[in-house]
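Good morning, and thank you for making time for this item. Please bring the sequence and the structure up on your screens, and I shall begin with a question.

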Amino acid sequence: MGEAEPPLNTAAMEAAQRLRGMFDRVVELVEGGDLKRAQAILDSTLRDIPGEPNLTRMLGVVLLRQGDLAEAENKLSHVVKVVPQFADAYLDLANAQLAQRKLDDAIATLTTALERNPKFEAAALRLAEALTVCGRHDEASRYFEEAFRLNPVRGRLVEGMEHGRAGRMDEAERVYRQVVRDAPDNIDALRLLEADLMIVAAYG
């Protein structure tokens with residue numbers, strides 16, 4: 001006979017389920033714009049499990065959205081120190097730094113994020129934007145290209161927008177329609193196509 005299976009830690013499983021339910025509730029509140037209630041729940045829970053990375057990261061996001069930038073940066077810095085592979089936390093931290101015009105810090109944060117995860121398309125795009133603001137256009141171009149390589153659809157949308165800015169509305173429409181055919185659920189492509197058609201209808 002084989003050895004008996006160890007009994008499941010029912011209390012631990014129930015605690016994990018409660019934590020998950022609470023986290024889902026916080027996400028729901030944040031998406032609904034009720035940031036104060038979300039923060040109150042997070043503050044209360046973190047008193048019981050201080051420093052828990054997922055909750056601390058969410059608290060940082062809530063603080064960032066409320067404009068408490070320094071405290072958001074503090075919380076998110078803690079998360080990436082405790083969990084260096086937490087990619088989304090790096091992006092949130094960089095956003096807090098950018099909101100405070102700490103461009104060099106944000107660039108360093110995003111560079112680290114890409115070192116941890118070279119396929120982090122959102123970090124590559126944000127880094128390209130930060131470098132552009134700093135006037136470091138050659139470096140920015142490299143990261144824009146990398147972001148578009150990781151997400152070809154985004155690159156196609158940028159191509160369409162460039163056609164639109166240059167007045168080549170037929171070319172812009174062609175690009176947007178191709179993206180919609182390839183990715184029918186892409187809301188950005190649908191909105192850009194609609195705007196392009198409205199402009200053509202209005203101005204010919």
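What span should the 14 residues of α9 have at 1.5 Å a residue, and how far apart are the end C-alpha atoms of α9? The expected span is 20 Å, and the end C-alpha atoms are 20 Å apart, so the two values agree. I should state at once that we are looking at a predicted model.

Let me first describe the chain as a whole. Its secondary structure consists of eleven helices and zero strands. The chain has 204 residues, of which 37% count as buried. The exposed surface comes to about 12500 Å², with 52% of it supplied by carbon and sulfur atoms. As for contacts in the chain with a separation of 6 or more, 40% are accounted for by residues 24 or more positions apart.

I return now to α9 and its partner. Two packed helices are described by the angle between their axes and the distance between the axes. Helix α8, residues 137-150, packs against helix α9, residues 152-165, at an angle of about 120°, and the axes are 5 Å apart. That angle makes α8 oblique to α9. On the α8 side the contact involves Phe 148, Arg 149 and Leu 150, and these meet Pro 152, Arg 154, Gly 155 and Val 158 in α9. By character, the residues of this contact divide into four nonpolar, one polar and two charged.

Which residues of α9 are buried? They are Gly 155, Leu 157, Gly 160 and His 163. Gly 155 thus appears both among the buried residues of α9 and in the contact with α8. After α9 comes Gly 167, with a positive phi near 85°.

The second part of this talk concerns α5, residues 87-99. At 1.5 Å a residue, its 13 residues should span 18 Å; the end C-alpha atoms of α5 are 19 Å apart, which agrees. Is α5 mostly covered or mostly open? It is mostly covered, with ten of its 13 residues buried. Among those ten are Ala 87, Tyr 90, Asp 92, Ala 94 and Gln 97. The cover over the buried residues of α5 includes α3, α4, α6 and α7.

Three residues illustrate how that cover is built. Ala 87, in α5, has a relative accessible area of 17% and is therefore buried, the cut-off being under 20%. Setting aside neighbours within four places in sequence, Ala 87 is in contact with Asn 117 and Phe 120. The C-alpha atoms of Ala 87 and Ala 122 are 9.9 Å apart in space, although the two residues are 35 residues apart in sequence.

From the α3 side, consider Arg 57, which is found in that helix, residues 53-65. Arg 57 counts as buried at 19% relative accessibility. Beyond residues up to four places away in sequence, Arg 57 touches Leu 76, Val 79, Phe 86, Asp 88, Ala 89 and Asp 92.

Leu 76 belongs to helix α4. Its relative accessible area is 0%, so Leu 76 is buried. Leaving aside neighbours within four places in sequence, the contacts of Leu 76 are Arg 57, Gly 60, Ala 89, Asp 92, Leu 93 and Ala 96. With one of these, Gly 60, the C-alpha separation is 5.6 Å, at 16 residues apart along the chain. Asp 92, a buried residue of α5, is touched by Arg 57 and is also in contact with Leu 76.

On the α6 side, I mention Ala 108, which lies in that helix. Ala 108 is partly exposed, with a relative accessible area of 42%. Its C-alpha atom is separated by 8.6 Å from that of Ala 94, and the two are 14 residues apart along the chain.

I close with the residue that follows α5. Most residues other than glycine have a negative phi, and most peptide bonds are trans. What is the phi of Arg 101? It is near 65°, a positive value in a residue other than glycine. Arg 101 lies in the loop between α5 and α6, and with a relative accessible area of 75% Arg 101 is exposed. I would be glad to take questions.

Definitions and conventions: Residues numbered from 1 in each chain as written. Predicted model: local features only at pLDDT ≥ 70, side-chain atom pairs only at ≥ 80, totals over all residues. Heavy atoms only, no water. Axes fitted to C-alpha atoms, helices over the stretch in contact; angles between N-to-C directions. Helix = DSSP H or I, 4+ residues; strand = E, 2+ residues; numbered from the N terminus. Parallel < 35°, antiparallel > 145°, perpendicular 65-115°, else oblique. Contact = heavy atoms within 4.5 Å. Nonpolar A, V, L, I, M, F, W, Y, C, P; charged D, E, K, R; others polar. Expected span 1.5 Å × (residues − 1). Buried < 20%, exposed > 50% of the residue type's maximum accessible area, 1.4 Å probe, protein only. Areas by Shrake-Rupley, 256 points an atom, 1.4 Å probe, with all protein chains shown as cover.
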